[in-house]
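User: I'd like to learn how to read salt bridges and buried residues in a model. Could you walk me through an example?

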Amino acid sequence: MKYRVLLTCITAFWVHSSAVAHHSYAAEFDRDSPMTIEGEVVEVWFKSPHVRYYIKVTDDEGNEVTWDTRGLTPVKLVRNGWMKDTIKVGDRIKMHGHIGRTNKTIMSILDVWLPDGRVLTSRSVAYDIDNQ
């Protein structure tokens with residue numbers, strides 16, 4: 001009996017934590033507001049659950065603003081040709097993606113133009129199917 005109660009508690013905790021950990025893309029990002037930014041990479045976070053690049057951008061009024069840009073998981077990006085050192089602190093890059101609904105300085109990365117002219121994508125197969 002104790003074993004069954006313990007197993008039920010562990011299962012309930014696992015299911016709850018998995019559900020809470022996953023978030024809705026549509027709740028966080030606005031697919032109807034794609035945007036392109038250009039700036040200098042000031043921090044790289046190439047780890048799970050999502051790769052992040054912090055980009056220093058000069059806005060229309062001349063103020064420096066740091067954008068929190070987020071890509072797919074490292075495993076998916078590596079399959080698309082990205083490596084941990086593909087984008088480095090100090091690189092000047094251009095990114096295209098969906099901006100945040102409530103925070104207008106976050107972006108879900110769709111495409112990145114690198115200093116050497118290469119273009120990388122952070123699009124999932126599901127995104128491409130949904131937006132054809």
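User: Which kind of contact do the side chains of Asp68 and Arg52 make?

Analyst: Happy to help, and please keep in mind that this is a predicted model. For a salt bridge, look for a side-chain nitrogen of Lys or Arg within 4 Å of a carboxyl oxygen of Asp or Glu. Here Asp68 and Arg52 form a salt bridge, with 2.6 Å from N to O. The two partners are 16 residues apart and link distant parts of the chain, with Asp68 in strand S3 and Arg52 in strand S2 (residues 52–58).

User: Is Asp68 buried or exposed?

Analyst: The general idea is that buried means under 20% relative accessible area. Asp68 has a relative accessible area of 10%, so Asp68 is buried.

User: How many salt bridges does the structure hold?

Analyst: There are 7 salt bridges in the structure. One of them pairs Asp30 with Arg101, whose closest N and O atoms are 4.0 Å apart. This pair spans 71 residues: Asp30 sits in strand S1 (residues 29–45), while Arg101 is in the loop between strand S4 (92–100) and strand S5 (106–113).

User: What is the relative accessibility of Asp30, and what is that of Arg101?

Analyst: Asp30 comes out at 13%, so Asp30 counts as buried. Arg101 has a relative accessible area of 40%, so Arg101 is partly exposed.

User: Which residue meets Asp111 in a salt bridge?

Analyst: That partner is Arg123, and the N to O distance is 2.5 Å. Asp111 belongs to strand S5, and Arg123 lies 12 residues away in the loop between strand S6 (119–121) and helix H4 (125–130). On the accessibility side, Asp111 is buried at 12%, whereas Arg123 is partly exposed at 26%.

User: Which residues do salt bridges with shared partners join into one network?

Analyst: When you find one bridge, check whether its residues take part in another. In this model, Glu28, Arg52, Asp68 and Arg70 are joined into one network in that way.

User: Let's try a residue without charge. Where does Thr69 lie?

Analyst: Thr69 is in strand S3 (residues 64–70). Its relative accessible area is 0%, so Thr69 is buried.

User: What does Thr69 touch, and what lies 2.6 Å from a polar atom of its side chain?

Analyst: For a buried residue, list the neighbours and then look for polar partners. Leaving out residues up to four places away in sequence, Thr69 touches Ile37, Val51, Arg52, Tyr53, Ile55, Met95, Met107 and Ile109. The backbone oxygen of Tyr53 is what lies 2.6 Å from a polar atom of the Thr69 side chain.

Notes: Residues are numbered from 1 along each chain as its sequence is written. This is a predicted model: local features need pLDDT of at least 70, side-chain atom pairs count only at pLDDT 80 or more; totals for chains, interfaces and linings use all residues. Side-chain values use heavy atoms; hydrogens and water are left out. Helices (H or I, at least four residues) and strands (E, at least two) are DSSP runs, numbered from the N terminus. Buried means under 20% relative accessible area, exposed over 50%, partly exposed in between (1.4 Å probe, protein chains only). A polar contact is a pair of N or O atoms within 3.5 Å; within protein, one must be able to donate a hydrogen and the other to accept it, and residues adjacent in sequence count only if both atoms are side-chain atoms. Contact means heavy atoms within 4.5 Å.
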